[in-house]
Amino acid sequence: MISVTSSSTRNVEPRWPALVALLGAGALYAALPSSLIVGGPRWLLLAAVLLLLIPAEIAHSRGNHFLNQVIGYILNGVITLAMIGSLALLIDALPEHKVNPRELLRAAAALWITNILIFASWYWRLDAGGPHARAQTPGHTD
């Protein structure tokens, strides 16, 4: 059996899970205690995520996949840096008892989940050249 795959019949991976993961990471960051937020109000990272997702999606819809990829790297980098900063503040708060235990546990769980989301986002963005490069391949080879 011969299988011909045209670009219109290829299975293009959905982008919405990656978008939801990035928005979720921004929302989890906004839910952290104010003593664990790096530089600015708690809504700033979520706003930055939204403001960067808009041009990324516009670039993708217009076929400018290079710009989409660059904005995606910037977006992942911003979230990663914010997460690292909050993790440093969390570790610093441990011996000084700056945060009550319940908030500390919630913050640690939020940072852990954010770590999983951002790792998945980096992997999705980098694996096999990114989502656009994966969409150009006909499938897995032996």
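This report describes one helix, the nonpolar core and the enclosed cavities of the structure above.

## The model

The structure is a predicted model, in which local features need pLDDT of at least 70 and side-chain atom pairs count only at pLDDT 80 or more, while totals for chains, interfaces and linings use all residues. Residues are numbered from 1 along each chain as its sequence is written, and side-chain values use heavy atoms, with hydrogens and water left out.

## Helix 1

Helices here are DSSP runs of H or I with at least four residues, numbered from the N terminus. Helix 1 covers residues 16-30, and because the expected span is 1.5 Å times one less than the number of residues, its 15 residues should span 21 Å, which agrees with the 21 Å between its end C-alpha atoms.

The buried residues of helix 1 (buried means under 20% relative accessible area, with a 1.4 Å probe and protein chains only) are Ala18, Ala21, Leu22, Ala25, Gly26, Tyr29 and Ala30. What covers these residues includes helix 2 (44-61), helix 3 (65-96) and helix 4 (101-126).

## The nonpolar core

A nonpolar core is a set of buried Ala, Val, Leu, Ile, Met, Phe, Trp, Tyr and Cys residues joined through side-chain atoms within 4.5 Å. The largest such core has 21 residues, and those with the most contacts inside it are Leu22, Leu32, Val49 and Ile79. Helix 1, helix 2, helix 3 and helix 4 each give two or more residues to this core, and the largest share, 6 residues, comes from helix 3.

Leaving aside neighbours within four places in sequence, Leu32 is in contact (heavy atoms within 4.5 Å) with Ile37, Arg42, Ser86, Ala107, Ala110 and Leu111.

## The cavities

A cavity is a set of points on a 1 Å grid over the protein atoms alone where a 1.4 Å probe fits but cannot get out, and its lining residues have an atom within 4 Å of a point. There are 2 cavities of 30 Å³ or more, and the largest has a volume of about 60 Å³, a volume being the space filled by probe spheres set on the points, which are joined across faces, edges and corners. Its lining includes Arg15, Leu22, Glu57 and Trp124, and helix 1, helix 2, helix 3 and helix 4 each supply at least two of the lining residues.

The second largest cavity holds about 40 Å³ of space, and among the residues that line it are Ala25, Tyr29, Leu32 and Ile79. Helix 1, helix 3 and helix 4 each supply at least two residues of this lining.

Conventions:
Buried < 20%, exposed > 50% of the residue type's maximum accessible area, 1.4 Å probe, protein only. 1 Å grid on protein atoms, 1.4 Å probe; cavity = no way out; pocket = protein on both sides within 12 Å on 5 of 7 lines; lining within 4 Å.
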